[in-house]
Every structure is written in structure tokens, then in C-alpha cells.
Amino acid sequence: MKNILFASIITILLAIILTTINYFMSMNATVDRLTNVSKDTVKAWSQDIKTEDVEKLVQTKDENIQKEIVAHFDRLAQYQPQVAQGYIFGVELENGTGTSVISGPTFLLDDFDKSDLHIGDIYTQPKVIADAIADMKKTKQQTISDIYSDDFGTWLTVLKPLFDENGEMFAYYGVDFDASSYLNGEYKKIKTTIFILIGLLLLVCAIQYAFMSKLFRPITEMKKSMALVSEGNYSVRLKEGDDELGQLSKQFNTMSETIGGMLDSIRSSSTASSIQANRLYKEADEVNQTLEEITNYTDKITGRLQDQNESTTEVLTSIQELSRSVDSITNNVMNVTELSLTTEDHAKAGTEAINVLKNQFV
């Protein structure tokens with residue numbers, strides 16, 4: 001679904017980009033059409049104005065000439081609905097944007113009078129018009145300004161240079177064309193196109209979403225089933241069919257059944273192994289207890305042997321002392337024997353002496 005949404009967004013963006021490109025191309029075509037119409041209008045109407053009359057008006061401010069030119073611009077505004085106003089200004093460009101007022105339609109001159117601006121006074125032009133005048137003075141040819149907007153609307157101005165008898169540019173014949181009527185038509189057309197396009201794209205996306213939802217529903221169910229299987233529920237079964245997804249569902253069911261059987265076998269084996277492990281644990285515990293008893297007996301025997309060893313050591317010590325006593329007694333007996341023998345010898349000698357004495361006295 002994310003891919004569908006992404007593709008829909010890309011499609012809408014491409015449609016908007018193409019519509020924008022088409023808009024600019026249409027706007028350029030509209031501007032070109034407006035430019036051509038403006039050029040033709042200025043060419044047709046400017047033929048009624050004589051350059052020498054304008055030059056004389058600038059020099060003398062002749063009221064009759066002024067009335068004729070004013071009437072000319074009044075007719076221009078009346079018979080050309082796309083024209084806002086026509087006028088004649090100087091080309092001085094004082095301070096970069098100021099030009100002198102020469103002539104224009106009645107309503108324009110009335111507005112100037114209300115603003116205390118009279119014929120011959122310097123009027124500050126919009127920058128886009130001042131730039132167009134500067135270009136016209138360089139090229140000395142008819143110039144068309146860029147489209148610009150002010151508080152009163154959107155305009156395009158055509159400037160036709162006027163030359164005196166010496167070939168010097170002294171004024172220009174200008175006409176302001178209302179570009180909003182052309183541009184608004186393009187705006188509406190492009191806006192309508194965009195709305196229709198967006199509506200169609202949304203309709204296509206909705207149909208595509210419904211179709212893809214139906215198409216991917218088995219896959220969605222398979223994803224849910226796989227999630228259940230991953231949680232350990234192997235009893236899940238999908239609806240099988242004859243198409244590719246049906247065959248895939250059949251394989252999924254087989255896989256789920258096989259895995260479930262394998263896990264049951266593993267659980268059975270695990271249960272048997274657990275019982276055997278418990279039995280071995282009990283036997284090992286019994287063996288451990290027997291070993292502990294043997295260890296206790298061994299400790300007792302070792303204690304007894306230590307006691308016997310200590311007794312034997314005491315007996316050996318006593319025997320050694322007795323042996324030393326026997327040796328001492330033996331030595332004493334030997335000494336006594338020697339003394340006895342000595343005494344006996346002495347006794348024999350005494351007896352013999354006594355016997356000698358007896359014999360002498362007898």
C-alpha cells in the first residue's frame with residue numbers, strides 16, 4: 001500500500017509539474033498574443049497623430065492641437081476596450097524616472113489636475129516604464145514593457161518613439177493595455193485544468209486503491225497468518241485456490257502443518273527427555289548421598305587411624321623410655337656385678353689375709 005501511495009504522489013507531482021509547465025507556456029503564448037495585439041493597435045492609432053503637431057504642442061502648448069490629441073485618446077479608450085489609456089509623455093527621465101506630461105485622454109488629464117499636475121510638469125513613472133523608456137532611447141525603436149501590476153490592475157505598455165525634424169527623440173506615444181483580461185482567462189483555464197486533473201487523479205487513485213486492496217487482500221491475510229504462526233499458532237489455515245496466490249496459500253498450509261507436527265514431536269521427545277533427566281537426577285542424587293556417606297565413613301576411619309597413630313606413637317615413646325630404663329638397669333646390674341666381683345675378690349683377699357694371720361698366731 002505504501003508503494004501505491006508513493007506512486008500516486010509521484011503521479012500527482014508529475015501532473016502538477018506538467019500543468020505548471022503548460023501554464024507558463026500558455027502564459028507566454030498569451031503575452032505574445034497580447035503583445036502582437038498591442039503592437040497592431042498602437043500602429044493603427046498612432047497614424048492619426050502627426051509628430052509635428054506634438055512637437056508644436058510641446059513648444060507652444062497650442063490649445064487646439066491639445067484638444068485634437070485629447071479627442072484622439074478619448075476615441076482610443078472608447079473603441080478599444082482592452083486599452084486603459086493612451087498618452088504622450090516626454091523622454092527626459094529626470095532623476096531616473098521623471099518624464100513631462102504632454103497629452104492624454106480627458107479622464108487622465110482630469111486626474112492630473114486633481115493631483116495639481118499640469119501639462120509640462122514632470123510625472124514620476126513606474127520603474128518598469130522608466131526602464132522601457134531607457135531601452136527605447138537606446139534602440140530608438142518601439143518598445144514593449146514587462147507586464148506589471150499596481151493598485152488599479154495588471155498592465156502592459158507599448159511605447160512608440162517620436163522624433164523631431166532633427167531626428168532627436170523628444171517624446172513617445174504610449175498605450176497601457178489591460179493585461180488582466182487576458183491573464184485572468186489563462187488563470188481560470190489553468191485553474192480549471194488543475195482542478196479537473198486533480199479530480200481525475202484522485203478518482204484514479206481511489207479506483208487503484210480499491211483494486212489493489214482487493215488484489216492484495218490474500219497477501220494481507222497471509223501476513224497476518226504468518227504473524228500468528230510466528231507466535232506459535234500452527235493451526236492457522238489459509239483459503240486455497242487455483243491461482244498463484246491459492247497455490248502459495250496451499251504451500252503455506254502444508255508448511256504450517258509440517259512445522260506444527262515437528263514441534264509436537266519435539267515436545268514429545270522433550271517430555272520423554274525431561275522424564276529421563278529427572279530419573280537420572282534422582283539416581284545421581286542417590287549416588288551423591290552414598291558418596292557423602294562413604295566420605296563420612298572415610299572421615300571417621302581417618303580419625304580413628306589418627307587416634308591409633310597417636311596411641312602407637314605414645315606406645316613407641318613408652319617403649320623407648322622403657323628401653324632406656326632397661327639399658328640403665330642393665331648398666332647398673334653390670335656395675336653391681338663388677339662391684340660384687342670386686343668385693344668377692346676383696347673378700348677372698350681378706351680371708352686369705354685372715355687365714356695368714358691365724359696361722360701366724362697359731
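## Helices, strands and the overall layout

Helices and strands here are DSSP runs, with at least four residues for a helix and at least two for a strand, and they are numbered from the N terminus. With that in hand, let's take a walk through this structure, which is a predicted model.

The chain has 7 helices and 7 strands. If you follow it along the sequence, you meet them in the pattern α-α-α-β-β-α-β-α-β-β-β-β-α-α. The chain is 362 residues long, and 27% of those residues count as buried.

## A greasy stretch on helix H1

Start with helix H1, which covers residues 2–46 and includes Leu13. Leu13 also belongs to a nonpolar surface patch of about 960 Å². Its partners in that patch are Phe6, Ile9, Ile10, Leu14, Ile16, Ile17, Leu18, Ile21 and Met25.

Is Leu13 buried or exposed, or something in between? Its relative accessibility is 44%, so Leu13 counts as partly exposed.

## One small hole inside

How do you look for empty space in a protein? Rolling a probe the size of a water molecule over the atoms shows where empty space is left. In this structure there is 1 cavity of 30 Å³ or more, and the largest cavity holds about 40 Å³ of space.

Which residues line the largest cavity? They are Ile12, Ala15, Ile16, Thr19, Ile194, Leu197, Ile198 and Leu201. Two elements each give two or more residues to this lining: H1 and helix H6 (180–230). Sorted by class, the lining has 7 nonpolar residues, 1 polar residue and no charged ones. You may recognise Ile16, since it is listed in the surface patch as well as in the cavity lining.

## The largest pocket

Now for the largest pocket, with a volume of about 480 Å³. It is lined by 19 residues, and those closest to its centre are Gln85, Leu108, Tyr123, Asp150 and Asp176. Strand E1 (83–90), helix H4 (106–114) and strand E5 (148–150) are the elements that give two or more residues to the lining.

Which element gives the most to the lining of the largest pocket? That is H4, with 4 residues. As for the chemistry, the pocket lining divides into 12 nonpolar, 3 polar and 4 charged residues. So where the cavity lining has no charged residues, the pocket lining has 4.

## A lone salt bridge

Search the whole structure and you find 1 salt bridge. It joins Lys127 and Asp131, whose closest N and O atoms are 3.0 Å apart. Both residues sit in helix H5 (residues 127–139), and because they are 4 residues apart there, about one helical turn separates them.

What about the surroundings of the two partners? Lys127 is exposed, with a relative accessible area of 57%. Asp131 is partly exposed, and its relative accessible area is 36%.

## Two loop residues with positive phi

Here's a backbone detail to look out for. Most residues other than glycine have a negative phi, and most peptide bonds are trans. Lys61 has a positive phi of about 55°, although it is not a glycine. You'll find Lys61 in the loop between helix H2 (51–60) and helix H3 (63–79).

Asn95 is another case: its phi is near 55°, a positive value in a residue other than glycine. Where does Asn95 lie? It is in the loop between E1 and strand E2 (98–103). Asn95 counts as exposed because its relative accessibility is 82%.

## Where H6 and H7 come together

Last stop: Ser256, which is in helix H7 (residues 244–361). Is Ser256 buried or exposed? With 0% relative accessibility, Ser256 counts as buried, since the cut-off for buried is under 20%.

How far is Ser256 from Val229 in sequence and in space? The two are 27 residues apart in sequence, but their C-alpha atoms are 7.4 Å apart in space. Val229 belongs to helix H6, and it is buried too, with a relative accessible area of 9%. Met226 gives another pairing with Ser256: they are 30 residues apart in sequence and 9.1 Å apart in space, again C-alpha to C-alpha.

Notes:
Residues are numbered from 1 along each chain as its sequence is written. This is a predicted model: local features need pLDDT of at least 70, side-chain atom pairs count only at pLDDT 80 or more; totals for chains, interfaces and linings use all residues. Side-chain values use heavy atoms; hydrogens and water are left out. Patches are made of residues with over 30% relative accessible area and no salt bridge: like charges are joined within 9 Å, nonpolar side chains (Val, Leu, Ile, Met, Phe, Trp, Tyr) within 5 Å. Accessible areas come from the Shrake-Rupley method with a 1.4 Å probe; for residues, only the protein chains shown count as cover. A salt bridge is a side-chain nitrogen of Lys or Arg within 4 Å of a carboxyl oxygen of Asp or Glu. Buried means under 20% relative accessible area, exposed over 50%, partly exposed in between (1.4 Å probe, protein chains only). On a 1 Å grid over the protein atoms alone, a cavity is a set of points where a 1.4 Å probe fits but cannot get out, and a pocket is an open set with protein on both sides within 12 Å along at least five of seven lines; lining residues have an atom within 4 Å of a point. Grid points are joined across faces, edges and corners, and a volume is the space filled by probe spheres set on the points. Ala, Val, Leu, Ile, Met, Phe, Trp, Tyr, Cys and Pro count as nonpolar, Asp, Glu, Lys and Arg as charged, and the others, Gly among them, as polar.
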